[in-house]
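Student: Please give me a close look at one part of this model. Start with the salt bridges, then follow their residues outward into the rest of the fold.

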Amino acid sequence: MIIDRFRANVEAHDFPQVGRVTVSVGFVSISPYDSPVVTLGHADQALYFAKDHGRNQVCYYDDLVASGNLASKVVANDDVELF
């Protein structure tokens, strides 16, 4: 609810130089059993689901998997590339 309130506040605000802005957010619960790479990957999947399905929304990875809207992917390694 907090993340969606943030999204709504951004949408409602009129930014002086750019006007209206929207936010898409994907998030996941942190599990002690998943590596940081897996956790970031799941959040990334939820974010791209939000972007691909209308933007300006908040998507929770676990809900997307439970509803069948997103398939859980298994990461084969723990390599991460930051840029």
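## Salt bridges and their surroundings

Tutor: Asp 4 forms a salt bridge with Arg 7, and their closest N and O atoms are 2.8 Å apart. Keep in mind that this is a predicted model. Asp 4 and Arg 7 both lie in helix H1, residues 2-12. They are three residues apart, about one turn of the helix.

Now go toward the C-terminal end of the pairings. Arg 7 also forms a salt bridge with Glu 11. Here the closest N and O atoms are 3.1 Å apart. Arg 7 and Glu 11 are four residues apart in H1, again about one turn of the helix. Shared partners join Asp 4, Arg 7 and Glu 11 into one network. The salt-bridge count comes to two. As a rule, side chains of opposite charge can pair when their charged atoms come close.

How buried or exposed are the three members? Asp 4 counts as partly exposed because its relative accessible area is 35%. Glu 11 is also partly exposed, because its value is 30%. Arg 7 has a relative accessible area of 11%, so it counts as buried. The cut-off for buried is under 20%.

What does Arg 7 touch beyond its sequence neighbours? Leaving aside residues within four places in sequence, Arg 7 contacts Val 23, Asn 56, Gln 57 and Val 58. Two of these contacts are worth following: Val 58 and Asn 56.

Take Val 58 first. Val 58 lies in strand S2. Its relative accessible area is 24%, so it is partly exposed. Beyond its neighbours within four places in sequence, Val 58 is in contact with Ile 3, Asp 4, Arg 7, Val 25 and Phe 27. That list includes Asp 4 and Arg 7, which are partners in a salt bridge. Val 58 and Leu 47 are eleven residues apart along the chain, and their C-alpha atoms are separated by 7.9 Å.

Next, Asn 56. Asn 56 sits in the loop between H2 and S2. It has 19% relative accessibility, so it counts as buried. Its phi is near 50 degrees, a positive value in a residue other than glycine. Arg 55 is found in the loop between helix H2 (36-52) and strand S2 (58-60). Phi of Arg 55 is near 60 degrees, also positive in a residue other than glycine. Most residues other than glycine have a negative phi. Is Arg 55 buried or exposed? Its relative accessibility is 52%, so Arg 55 counts as exposed.

From that loop, step back into H2. His 42 is in helix H2. Its relative accessible area is 9%, so His 42 is buried. Leaving aside neighbours within four places in sequence, His 42 contacts Val 28, Asp 34, Tyr 61 and Lys 73. Val 28 in turn touches Thr 39, His 42, Ala 43, Tyr 60, Tyr 61 and Asp 62, not counting residues up to four places away in sequence.

Val 28 leads to the core. The largest nonpolar core has nine residues in all: Val 28, Ala 43, Ala 46, Phe 49, Ala 50, Cys 59, Tyr 61, Leu 64 and Leu 70. H2 and helix H3 (61-66) each supply at least two of these core residues. H2 gives the largest share, four residues.

Now place all this in the whole fold. The protein has three helices and two strands. Their order from the N terminus is α-β-α-β-α. Of its 83 residues, 28% count as buried; Arg 7 and His 42 are among the buried ones. Among contacts with a separation of 6 or more, 49% link residues 24 or more positions apart. The protein exposes about 6,300 Å², and carbon and sulfur atoms supply 56% of that area.

To retrace the route: begin at Arg 7 in H1. Pass through its contacts with Asn 56 and Val 58. Then take His 42 and its contact with Val 28, and finish in the nine-residue core.

How values were computed:
Residues are numbered from 1 along each chain as its sequence is written. This is a predicted model: local features need pLDDT of at least 70, side-chain atom pairs count only at pLDDT 80 or more; totals for chains, interfaces and linings use all residues. Side-chain values use heavy atoms; hydrogens and water are left out. Buried means under 20% relative accessible area, exposed over 50%, partly exposed in between (1.4 Å probe, protein chains only). A nonpolar core is a set of buried Ala, Val, Leu, Ile, Met, Phe, Trp, Tyr and Cys residues joined through side-chain atoms within 4.5 Å. Contact means heavy atoms within 4.5 Å. A salt bridge is a side-chain nitrogen of Lys or Arg within 4 Å of a carboxyl oxygen of Asp or Glu. Accessible areas come from the Shrake-Rupley method with a 1.4 Å probe; for residues, only the protein chains shown count as cover.
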